[in-house]
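Student: I should like to go through the geometric terms applied to this model and see how each is justified.

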Amino acid sequence: MPSKEPPRRRVPGPARPTRPRPASAGARPSRPASRPAPRPAAKRPGPRPPARRPRTIRLGSPRPRLRLISLGLTLVMLVFVVRLLQVQAVDASAYAAKADRYRFQDHTLSAERGEITDRNGIALAASVDAYDITADPKLFTPEESKLPDAPEQAAALLAPILDKDPAELAKKLRTPKSRYTLLARKQTPQVWNQIKDLKKVYGEKSRATGGTGVNLLGGVLSEPSTKRVYPNGELAAGILGYVNAEGKGAGGVESMLDPELAGKDGKIRFTESGGRQVPTAGSQGTPAVPGSDIELTIDRDIQWAAQQAITEQVKKSKADRGYVVVQDTRTGEVLAMANAPGFDPNDLSAANAASMGNAALQDAYEPGSTSKVMSMAAVLEEGKATPGTHVTVPNRLHRGDRLFKDDVDHKTWYLTLNGVLAKSSNIGTILATGQLGDTQAESNRVLHSYLRKFGIGSPTGLDFPGETPGILAKPEDWSTSQQYTIPFGQGLSVSAMQAASVYSTIANGGVRVEPTLVRGTKGPDGRFSPAPAPQESRVVSEKTADTLAKMLESVVDDREGTGNRAAIPGYRVAGKTGTANRVDPELGRYKGYTASFAGFAPADNPQVTVYCAIQNPTKGSYFGGQICGPIYKKVMEFALKTLHTAPTGSEPARLPVTFEPTP
Amino acid sequence: MSTAKGPLKGRAARLGRLMPSGPSSAARTPFVLLVFVLLGGGLIALLLLNSALNQGSFKLRELKDRTTELTDEEQALQRDVDDYAAPDALERRARELGMVPGGSPAFLGPDGKVLGDPSVAVAPKPDPTPTPTPSAKAPQTTPPNTGTGQVRTAPPAAPPVSAPATAPTTSGR
């Protein structure tokens, strides 16, 4: 090994100058001999005499040093290699991602929210671009703006554009130690353009005069955002609902179908320089998927007529609230669902929280006489009576623990079953439904089964947020008085939609079609997918339904009927009035009334059902026939015109109402 | 040190032998030119490509701005249209033109047969005519001067006057 490394010998060279010292000790002659193999000599000091030791003191042999250094270097290199492997191979993706995070800017591509349209495609809710106007109060301080009253000056300029109080704006601009303040939310692009123009003018002015050199409006900024607009204002607000500040649906259809409407936000990442994309660096991401458009079954014009009529009457009667539901009898589609008072979803700050829901679906109340039609349906379907069956109605009827009476004090009436409905006799209805079973319990069960089949006590199937299923106790749980009041519509609760659906069922030949509010959705690809067909179930036979329709006609067209005010000249109209004792939700006991009217037209070929109810009318009449009848007429006329429904031209049935008692 | 001055030995000598000795036979100028042209051409091409891309990015931005502007305009116009087309606005304008809400619908068949009871549509407020149209009690915003004079009549029961299929129409549609 040593013989193989002759060049290495040069290395210990520098050690030579140190040698003279040991040489002077007298060991010089032996030195050349030891040269060829210095290492073995050093390793084997044994044979050498101890006297030689001082002469062997040198800087040390280079080999161990070299080995140590190369070992150290190897270790360092090894560490480097390991680290390199770790960086380049093991954790490569993590580091690459980290690098990308700094290189690329992520941007969210916000998905456009879908529109909500009526059945003819007229937009009822749409999203538009908007700007939040913000400001940096620091730029309005006297030091920055070089003006003592910059906030006031700026506020005076901005106030007319933003339609705000200048003092309020100035206060916001004076926010101390802040760099952000929100001046106005969701302004139209036009408003922002106006401010931009104004900013430009002031920017030029500050430079031209050379005075301050500071743009007065330089601290006014904007943030792009989107705004949900409801072009028709209060129209159908209860159905449409509203969106919250984050743009998510928070009520009504907006909330019910939020996933469909919202779409899916996209993402894009690209390298950015000065806010501009670097074209050569490439970009990647997923595009935003816009939300689907929802087409409702609502007809805007009928909705308007309904809403106008009910709003006016609620105001006139100083009532708590009112609802109108218009439904297509054959398809179950809801053509209008109006609430009063309503709210303007464009300006929720002004809305009354109590009227922000859709009361026609969310209020449960005792329907009163309009529900007698279900009792009659049960009696007819069970074959216990015919429209001509004689019913002798006494002035008072003692049942259970109570003495029942009709809403007018009368001598003994001699009515047909048809007359019982036309004159809305409670006593007559109790007598008739008593025939449903051999015992009262049996009758209750039969009546209950019919009420359930008509959809009372279960949700309508609209899946509307906050919808009430109504209240209908099991027949075993009916109290003594309840079993006699339920036949005439007290002691059970329904929503306006459920009540309307009952009449649509009769109008549709006894087949109940689940109400629908959504016709379909139009996806981002422009394809329309209709909503699933509503469920249908037969409640009563066609014959029973026809008979009931004729009986309901007597309510409106008979001189003695309670619903004459709903008559539409030229048409055969079926309807039923209702005046119920109302449970005051605050007091928890009966106080005030619920006036209602339900019906459909034309009676012999029904097309439209209109239901109207007014809660707690306090001024003028409170009878359903008096205040809801005219609304029914007005809305029905409008609907018939809008749908181009001609009168059938047939003669009304005119079933007998009374009979001559045989002495 | 001292060996650097002497003749090349060992490995260095072997390496030295690899170096070409003597002048090259190829002409030098064309080659240098070629290299310069390649380098310069590449540089210019890259420059052009880059500026083209950047130009595209400027154009993109410009077009995006224009799109925003047009979208804003479209939305503003749509807002105007919606304001005019809203049922409330339509009703108000119809009343200003002297129209009144029609009563019960009546239809005129192709054979001249009249379905329904045609009646004269009356303005809500003024003199009560016998026609039973109590429905017309909408909010009275019309100035009284339009009065009953501006009545839109339905065809009387018998004569088949030229009239649209729906006789008294509404103001809403």
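Student: In a left-handed or a right-handed crossing, how does helix 7 of chain A pass helix 8 of chain A?

Tutor: Please note beforehand that this is a predicted model, in which local features need pLDDT of at least 70 and side-chain atom pairs count only at pLDDT 80 or more, whereas totals for chains, interfaces and linings use all residues. Residues are numbered from 1 along each chain as its sequence is written, and chains are lettered from A and ligands numbered from 1 in the order in which they are written. The crossing of helix 7 of chain A past helix 8 of chain A is right-handed, a term for a near helix turned clockwise from the far one by less than a right angle, anticlockwise being left-handed.

Student: Why are helix 7 of chain A and helix 8 of chain A called oblique to each other?

Tutor: Their axes, lines fitted to C-alpha atoms over the stretch in contact with angles from 0 to 180 degrees between N-to-C directions, cross at roughly 135 degrees and come within 8 Å. Angles under 35 degrees count as roughly parallel, over 145 as roughly antiparallel, 65 to 115 as roughly perpendicular and the rest as oblique; the pair is therefore oblique.

Student: What makes the orientation of helix 13 (residues 300–316) and helix 22 of chain A what it is?

Tutor: These two helices pack at about 165 degrees, with axes 9 Å apart, and are therefore roughly antiparallel. Residues making the contact include Ala305(A) and Ala309(A) of helix 13 of chain A and Val635(A) and Phe638(A) of helix 22 of chain A.

Student: How do you know that helix 17 (residues 426–433) of chain A is largely enclosed by the rest of the structure?

Tutor: A residue is buried if 20 or more other C-beta atoms, placed from the backbone, lie within 10 Å of its own, exposed if 12 or fewer, and partly exposed in between. Eight of the eight residues of helix 17 of chain A are buried, so the helix is largely enclosed; among them are Asn426(A), Ile430(A) and Thr433(A).

Student: Which residues touch the most other members of the largest nonpolar core?

Tutor: A nonpolar core is a set of buried Ala, Val, Leu, Ile, Met, Phe, Trp, Tyr and Cys residues joined through C-beta atoms within 7 Å. Of 151 residues in the largest one, Val324(A), Val325(A), Val326(A), Tyr611(A) and Val635(A) touch the most other members. Helix 22 (residues 624–642) of chain A gives the most to this core, with nine residues.

Definitions and conventions
Helix = DSSP H or I, 4+ residues; strand = E, 2+ residues; numbered from the N terminus. Contact = placed C-beta atoms within 7 Å.
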